[in-house]
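Colleague: Before I use these labels, I would like to see each one set against its cut-off.
Modeller: Then ask label by label.

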Amino acid sequence: MPVFDIHSWLGGSIVPGMAQNVEALTSAMQDAGIDRAVIMSAHARLVDPLAGNRLAGAAVERAPNLYACLVGHVNRPESSLNAMRELMPRRRFVALAVLGRSWHEPVSRAQADELLNAYRRYTKPIMVCALDADGVHAALDIARAYPMLRVVMLGMGGRDWRDAVRAAHTATNIILETSGALECPKLVSAVETIGAHRIVFGSWSPHTAAPAAIGMIEDAPISDDAKRRIFWDNAIRLFDLESPPASDEQ
Amino acid sequence: MIDNALDINTLFGPLPNASVDLSVDDLQELMRRHGIAACCTLSTIGMLLDHNTGNAATLAACREMPALIPTATVNPIAYFGGEGPAMQFVEDGFRLVRFFPASQGWPYAFAPFRTLMGTLASRGIPILIHLNGPGSATLLMDSLTGIEGRIVLADVDDRQIAEAVALMRLHPNLFVETSGLSAAGAVKLLVAAVGSERVIFGSGAPARPLGGALAAIRHSGLSDADLARIMGGNARSLLGL
């Protein structure tokens, strides 16, 4: 079964050498059996959005099976907007992640407005981090305010995944990404409640080793058809990609 | 993948916080499906409600199924001193004692726990204790100064590797269980720092998926010899099997 990991980071690992460059990323993907991945730049999140997203852009140019998610930081709107104008028109940038000061500090709609208003023209999905109930509610608020955008909830609410499933049931433009808590029951609940077509696989590697994240999906008592959608089909549709890649993607 | 794999960290029974329940039969089926030869396990009742009742349920399950290695637990909040529990554990054939300070709401520096640890150490019973973020292992080891028991740290994640390594260099009887080491490269980093003899496979099942835990180890890039130690050799040595 092919695997598309929509949530992988370039840099930022505590483990030396892990995910620090394209070679390390693609080697880890190959080892884990991942065919394609969307990467985000830790440099963009932690240091400077423009410089970091340029690093991600350079990385995806070197690896045909990598795509980039532009990282926008609500505390650095100017640098984020510059990065957006420069990089978002590129086909290999497939989404925008709107992030704040820490993983566990939700980005409110008010904080995200400046970036999202500028982003709407691209008609690509956005990603927001939701590692607990507060994050889920903030993401739901954004999804309701921007019904024309598809909102990918990174981390699926963490241990509060029930809130994430409920939010996705409420707002049909929410897509759940499977990282966060390594718990099989959340997949069963999400598939039963919103259907497998709105769930996408993300590992959050290197924070979580991709094989462990894949193992969770494989272990879950859901159908093979649901797994195929989660691992591959939904990401292809979400990012409007060809499967296999069209020549202009490469 | 590995013959004779042993999982040192499993539970059976209801587990509301993890939204998952697991019967003993389900646990056995999970082990069979993933090629786990044996596992240390205990009834969740002992963790959630009452350790005496839970330990009795654990013993009953393990007597029927030899692949299950009985693991006891004690909530120090309900421990009023004496050698009783440790003696009873030896008599009953428990191989390991687990502690759950965060979920049971007691601190690492806690006199009943320290007393209990003294009695377990004197009888050579190893313990597995769940950590609660950076700093907790340091607090734990500070609170146990002078007690030389064998201790397995569980829930060590990538933020705690440096702390675990520093403590393991000071305390030769300290081990780390792998269920929290889900970050890419974490297991290999730990092995490089302290050696594969000090790392023990645990899945955290049923709260965490056994397949994912195994995959993380399988893809860790370690040698077959290291994997064999981590996946069973070290645990068997620790447990006296």
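**Labels and their criteria**

Modeller: A:E86 is partly exposed, at a relative accessible area of 34%. This is a predicted model, in which local features need pLDDT of at least 70 and side-chain atom pairs count only at pLDDT 80 or more, while totals for chains, interfaces and linings use all residues. Residues are numbered from 1 along each chain as its sequence is written, chains are lettered from A and ligands numbered from 1 in the order in which they are written, and side-chain values use heavy atoms, with hydrogens and water left out.

Colleague: What makes A:E86 partly exposed?
Modeller: Buried means under 20% relative accessible area, exposed over 50%, and partly exposed in between (1.4 Å probe, protein chains only). A:E86 has 34%, so the label is partly exposed.

Colleague: Why is the contact of A:E86 and A:R54 called a salt bridge?
Modeller: The term requires a side-chain nitrogen of Lys or Arg within 4 Å of a carboxyl oxygen of Asp or Glu. For A:E86 and A:R54 the N to O distance is 2.8 Å, so the criterion is met. A:E86 lies in helix α4 (residues 77-87) of chain A and A:R54 in helix α3 (residues 49-62) of chain A, so the pair ties together parts 32 residues apart in sequence. Helices (H or I, at least four residues) and strands (E, at least two) are DSSP runs, numbered from the N terminus.

Colleague: How many salt bridges are there over all chains?
Modeller: A search of the whole structure finds twelve. Among them is B:E29 with B:R32, whose closest N and O atoms are 2.7 Å apart. Both lie in helix α1 (residues 24-34) of chain B, three residues apart, about one turn of the helix.

Colleague: Is B:R32 buried or exposed?
Modeller: B:R32 has a relative accessible area of 56% and is exposed, whereas B:E29, at 34%, is partly exposed.

Colleague: What makes strand β4 of chain A mostly covered?
Modeller: Seven of the seven residues in β4(A) (residues 93-99) are buried.

Colleague: How do you know that β3(A) and β4(A) pair?
Modeller: Pairing needs at least two bridges found by DSSP between the strands. Strand β3 (residues 66-73) of chain A and β4(A) have six and run parallel, so they pair. One of the partnerships is A:G72 with A:V98 in β4(A).

Colleague: Which hand does the unit of β3(A), α4(A) and β4(A) have?
Modeller: This β-α-β unit is right-handed: with the strands pointing away from the viewer, the path from the first strand over the helix to the second runs clockwise.
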